Amino acid sequence: MSMIKNLMVTDDKVVDVQFPDSDNFYVSLAYLSREKLVKVRNRSLVVKFNKRSRQREEEVDNDKFLEEYSRAVIRGWKGLTIRELARLLPIETAGANLDQDVPHTEEDALELLKNSTIFDQFVTDSLNDFEVFEAEKTNEAVKN
């Protein structure tokens with residue numbers, strides 16, 4: 001078996017990543033290998049007929065892709081309050097308890113990913129920063 005394949009981080013590796021400029025908001029993100037990302041993309045393909053070329057063409061359904069991507073990557077969060085949520089996207093806060101927690105649901109994770117470019121960029125940047133998924137190993141090495 002390939003040495004590189006044996007050493008790779010697995011798809012089931014989930015880490016809690018602190019949201020920038022926030023003391024209490026952590027998002028649980030799952031590592032997504034290129035192979036798994038391709039599978040997510042392929043499940044999001046739709047076939048359309050191009051009248052001009054008279055050919056069938058595959059196209060990514062962006063909504064379906066975000067749904068699949070969100071489900072695969074965002075495994076939960078803690079510390080998301082209405083106050084934090086208001087920093088991520090425009091919401092109505094009049095009369096709301098700003099310290100109330102917003103519990104994680106797949107539906108809310110998708111809405112946040114769709115409607116907050118700040119959150120979307122954070123998730124993308126975190127997944128592209130391999131050190132995020134190696135932090136536990138680094139912390140264990142420091143302890144020893």
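1. **The nonpolar core.** A good place to start in this predicted model is the largest nonpolar core, a set of 29 residues in which V73, I74, W77, F119 and V123 touch the most other members. Its members come from many parts of the chain: the elements that give two or more residues are β1 (14-18), β2 (26-30), α3 (62-73), β5 (74-78), α4 (82-88), α5 (106-115), α6 (117-128) and α7 (131-143). Of these, α6 gives the most, with four residues. As a general background, nonpolar side chains in soluble globular proteins tend to be buried together.

2. **W77 and its surroundings.** If you would like one residue to centre your view on, try W77, one of the core members with the most contacts to other members. Setting aside neighbours within four places in sequence, W77 is in contact with F25, Y26, V27, S28, V102, P103, H104, D108, A109 and L112.

3. **The overall fold.** Stepping back, the protein has seven helices and five strands. Read from the N terminus, the order of elements is α-β-β-α-β-β-α-β-α-α-α-α. Among contacts between residues at least 6 apart in sequence, 58% join residues at least 24 apart.

4. **Inside and outside.** The protein has 144 residues, and 30% of them are buried. The exposed area comes to about 10200 Å², with carbon and sulfur atoms supplying 47% of it.

5. **The largest pocket.** You may also want to look at the largest pocket, whose volume is about 210 Å³. Its lining consists of Y31, L32, S33, R34, L37, Y69, T124, L127, N128 and F130. By type, that lining divides into six nonpolar residues, three polar and one charged. Both α2 (34-43) and α6 supply at least two lining residues, and α6 has the largest share, with three. So α6 is worth following on screen, as this helix also gives the most residues to the core.

6. **Two positive phi values.** Two residues deserve a glance at the backbone. D21 is not a glycine, yet has a positive phi of about 60 degrees; D21 sits in the loop between β1 and β2. R54, also a residue other than glycine, has a positive phi near 55 degrees and is found in the loop between β3 (45-50) and β4 (55-60). Are these residues buried or exposed? D21 is exposed, because its relative accessible area is 73%, and the cut-off for exposed is over 50%. R54 is exposed as well, with a relative accessible area of 67%.

7. **E106 and R71.** E106 lies in helix α5. Which residues does E106 touch, not counting those up to four places away in sequence? The answer is S70 and R71. E106 and R71 are 35 residues apart in sequence, while their C-alpha atoms are 6.5 Å apart in space. E106 counts as partly exposed, because its relative accessibility is 49% and exposed begins over 50%.

8. **K39 and E68.** A second pair to check is K39 and E68, which are 29 residues apart along the chain, with their C-alpha atoms separated by 9.6 Å. K39 is placed in helix α2. At 46% relative accessibility, K39 counts as partly exposed.

Conventions: Residues are numbered from 1 along each chain as its sequence is written. This is a predicted model: local features need pLDDT of at least 70, side-chain atom pairs count only at pLDDT 80 or more; totals for chains, interfaces and linings use all residues. Side-chain values use heavy atoms; hydrogens and water are left out. A nonpolar core is a set of buried Ala, Val, Leu, Ile, Met, Phe, Trp, Tyr and Cys residues joined through side-chain atoms within 4.5 Å. Buried means under 20% relative accessible area, exposed over 50%, partly exposed in between (1.4 Å probe, protein chains only). Contact means heavy atoms within 4.5 Å. Accessible areas come from the Shrake-Rupley method with a 1.4 Å probe; for residues, only the protein chains shown count as cover. On a 1 Å grid over the protein atoms alone, a cavity is a set of points where a 1.4 Å probe fits but cannot get out, and a pocket is an open set with protein on both sides within 12 Å along at least five of seven lines; lining residues have an atom within 4 Å of a point. Grid points are joined across faces, edges and corners, and a volume is the space filled by probe spheres set on the points. Ala, Val, Leu, Ile, Met, Phe, Trp, Tyr, Cys and Pro count as nonpolar, Asp, Glu, Lys and Arg as charged, and the others, Gly among them, as polar.
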